[in-house]
Amino acid sequence: MEATKVGIREFRAGMAEFIASSSPVAVTRHGQTIGYFIPTHGQVEADIASLKKASKTLDRLLAAKSVDVDAVVAEFKTARKRASKSKKPVAVMA
């Protein structure tokens, strides 16, 4: 199942429609995919089944794009550390 690609503004504007849909959505920003929205519906058992289906879909999408998940996780952790360091307040001596 191929994900529908939409820009972040279109995604925000059509959120209700995407939630009601049963197909995954690839959210893009400036043409680059920044995330996937995978709607789930129904009771707990159905939610679990949807999440399992979504994880398989995501695995296929990542494999199709030759994405190294470990490399992405490492890059994310590095970016988070950098962002965390830059947000710390700096003491100013008067």
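His-30 lies in the loop between β2 and β3. The model described here is a predicted one. His-30 is not a glycine, yet its phi is positive, at about 55 degrees. The residue counts as exposed, because its relative accessibility is 73% and the cut-off for exposed is over 50%.

The two strands on either side of this loop form a hairpin, with two residues between the strands. Strand β2 covers residues 25–29, and strand β3 covers residues 32–37. They pair in the antiparallel sense. Five bridges join them. One of the paired residues is Arg-29, whose bridge partner in β3 is Gln-32.

Thr-28 also belongs to strand β2. This residue counts as buried, because its relative accessibility is 12% and buried means under 20%. Which residues is Thr-28 in contact with, leaving aside its neighbours within four places in sequence? They are Lys-5, Val-6, Gly-7, Ile-8, Thr-33 and Ile-34. Thr-33 and Ile-34 fall within strand β3, which runs over residues 32–37. In a regular strand, side chains alternate between the two faces of the sheet.

The wider fold can now be set out. The chain contains four helices and three strands. Along the sequence, their pattern is β-α-α-β-β-α-α. The chain has 94 residues, and 15% of them are buried. Its accessible surface comes to about 7,800 Å². Carbon and sulfur atoms hold 58% of that surface. Among contacts with a separation of 6 or more, 16% link residues 24 or more positions apart.

Open space was examined next. A probe the size of a water molecule, rolled over the atoms, shows where empty space is left. The largest pocket holds about 300 Å³ of space. Its lining consists of Thr-33, Ile-34, Gly-35, Tyr-36, Leu-58, Leu-61, Leu-62, Lys-65, Val-67 and Val-72. Which element gives the most to this lining? It is β3, with four residues. Helix α3, residues 44–64, also supplies at least two residues of the lining. By class, seven of the lining residues are nonpolar, two are polar and one is charged. Thr-33 and Ile-34 thus appear in two settings: both line the largest pocket, and both are in contact with Thr-28.

Helix α3 also holds Thr-57. Is Thr-57 buried or exposed? Thr-57 counts as buried, because its relative accessibility is 5% and the limit for buried is under 20%. Thr-57 and Ile-38 are 19 residues apart in sequence. In space, their C-alpha atoms are 9.4 Å apart.

A further positive phi is found at Ser-66, in the loop between α3 and α4. Helix α4 spans residues 69–87. Phi of Ser-66 is near 55 degrees, and this residue too is other than glycine. Ser-66 is exposed, because its relative accessible area is 63% and exposed means over 50%. Both His-30 and Ser-66 therefore combine a positive phi with an exposed position, at 73% relative accessibility for His-30 and 63% for Ser-66.

Definitions and conventions
Residues numbered from 1 in each chain as written. Predicted model: local features only at pLDDT ≥ 70, side-chain atom pairs only at ≥ 80, totals over all residues. Heavy atoms only, no water. Pairing = 2+ DSSP bridges. 1 Å grid on protein atoms, 1.4 Å probe; cavity = no way out; pocket = protein on both sides within 12 Å on 5 of 7 lines; lining within 4 Å. Points joined across faces, edges and corners; volume = space filled by probe spheres on them. Nonpolar A, V, L, I, M, F, W, Y, C, P; charged D, E, K, R; others polar. Buried < 20%, exposed > 50% of the residue type's maximum accessible area, 1.4 Å probe, protein only. Contact = heavy atoms within 4.5 Å. Areas by Shrake-Rupley, 256 points an atom, 1.4 Å probe, with all protein chains shown as cover.
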